[in-house]
Every structure is written in C-alpha cells, then in structure tokens.
Amino acid sequence: MKYHVYDETDGHFVNLSEAYGELEDYGNFDDPCRYYGDLNEAGKIMKRLSDGTDHRFHLKMWLE
C-alpha cells in the first residue's frame with residue numbers, strides 16, 4: 001500500500017517537487033506528478049512540511 005500526502009490547509013495533494021524540494025519553494029511548483037510512497041517515507045515528508053510551513057497534513061492510502 002502506498003500513501004499520498006494531503007495538504008488540508010491548501011486543499012491539495014503534495015506533488016513530487018513539493019515533497020522533495022526546498023521548503024521556501026513549497027506551493028510554487030507546477031508539477032502534475034503526485035507524491036506517493038510507503039508509510040515511513042510519507043510520514044517523514046508530512047512531518048518536515050508541517051514543521052516548515054505550519055500547514056496541516058494527513059496521509060491518504062493509495063491501493064496499488
């Protein structure tokens with residue numbers, strides 16, 4: 001099972017560029033490819049983005 005990171009504050013799924021990019025650029029990427037990965041990696045990304053942006057995030061399951 002894979003997971004998407006969902007930004008509750010802005011109401012969108014986090015894409016690959018936002019997941020792995022610099023925090024200062026969060027929200028400025030026009031990347032159509034959503035991030036999806038395992039629970040451990042998604043949790044780390046969610047925590048880093050939450051700490052750096054003060055947005056609320058949660059994980060949504062994605063069936064493979």
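## Exercises: the core, the sheet and two methionines

In this predicted model, the largest nonpolar core is built from 10 residues: Tyr3, Val5, Val14, Ala19, Tyr26, Tyr35, Ala42, Ile45, Leu49 and Phe57. Let's work outwards from there.

**Exercise 1.** Find out which element supplies the largest share of this core.

*Solution.* Start with the elements that give at least two residues each: strand E1 (2-7) and H2 both do. Then look for the largest share: H2 provides it, with 3 residues. Now pick one core member, Val5, and list its contacts, skipping residues up to four places away in sequence. Among them are Val14, Tyr35, Ala42, Ile45 and Phe57.

**Exercise 2.** Work out the strand order of the open sheet, and say which strands are at the edges.

*Solution.* Take the pairings one at a time. E1 and E2 are antiparallel and share 2 bridges; one of the links is Asp7 with its partner His12 in E2. E1 and E3 are antiparallel too, over 6 bridges, and here Lys2 has Trp62 of E3 as its bridge partner. Put these together and you get the order E2-E1-E3 for the 3 strands. The edge strands are E2 (12-13) and E3 (57-62), since each pairs on one side only. As a reminder, strands of a sheet are held in pairs by backbone hydrogen bonds. While you're at the E1 and E2 hairpin, check the 4 residues between the strands: Gly11 has a positive phi near 70 degrees.

**Exercise 3.** Decide why E1 counts as largely enclosed by the rest of the structure.

*Solution.* Count the buried residues, meaning those under 20% relative accessible area. In E1, 5 of the 6 residues are buried, so the rest of the structure largely encloses this strand.

**Exercise 4.** Is Met46 buried, partly exposed or exposed? Then find what Met46 touches.

*Solution.* First, place Met46: this residue is in helix H2 (residues 39-53). Next, compare its relative accessible area of 22% with the cut-offs of 20% and 50%. Met46 is partly exposed because 22% falls in between. For contacts, leave out residues up to four places away in sequence, and you find Val5, Phe57, His58 and Leu59. Finally, check Ala19: its C-alpha atom is 8.3 Å from that of Met46, although the two are 27 residues apart along the chain.

**Exercise 5.** Which residues make the nonpolar surface patch of about 370 Å²?

*Solution.* The patch consists of Met1, Met61 and Leu63. Look at Met1 in particular: you'll find this residue in the segment before E1, partly exposed at a relative accessible area of 47%.

How values were computed: Residues are numbered from 1 along each chain as its sequence is written. This is a predicted model: local features need pLDDT of at least 70, side-chain atom pairs count only at pLDDT 80 or more; totals for chains, interfaces and linings use all residues. Side-chain values use heavy atoms; hydrogens and water are left out. Buried means under 20% relative accessible area, exposed over 50%, partly exposed in between (1.4 Å probe, protein chains only). Contact means heavy atoms within 4.5 Å. A nonpolar core is a set of buried Ala, Val, Leu, Ile, Met, Phe, Trp, Tyr and Cys residues joined through side-chain atoms within 4.5 Å. Patches are made of residues with over 30% relative accessible area and no salt bridge: like charges are joined within 9 Å, nonpolar side chains (Val, Leu, Ile, Met, Phe, Trp, Tyr) within 5 Å. Accessible areas come from the Shrake-Rupley method with a 1.4 Å probe; for residues, only the protein chains shown count as cover. A salt bridge is a side-chain nitrogen of Lys or Arg within 4 Å of a carboxyl oxygen of Asp or Glu. Two strands pair if DSSP finds at least two bridges between them.
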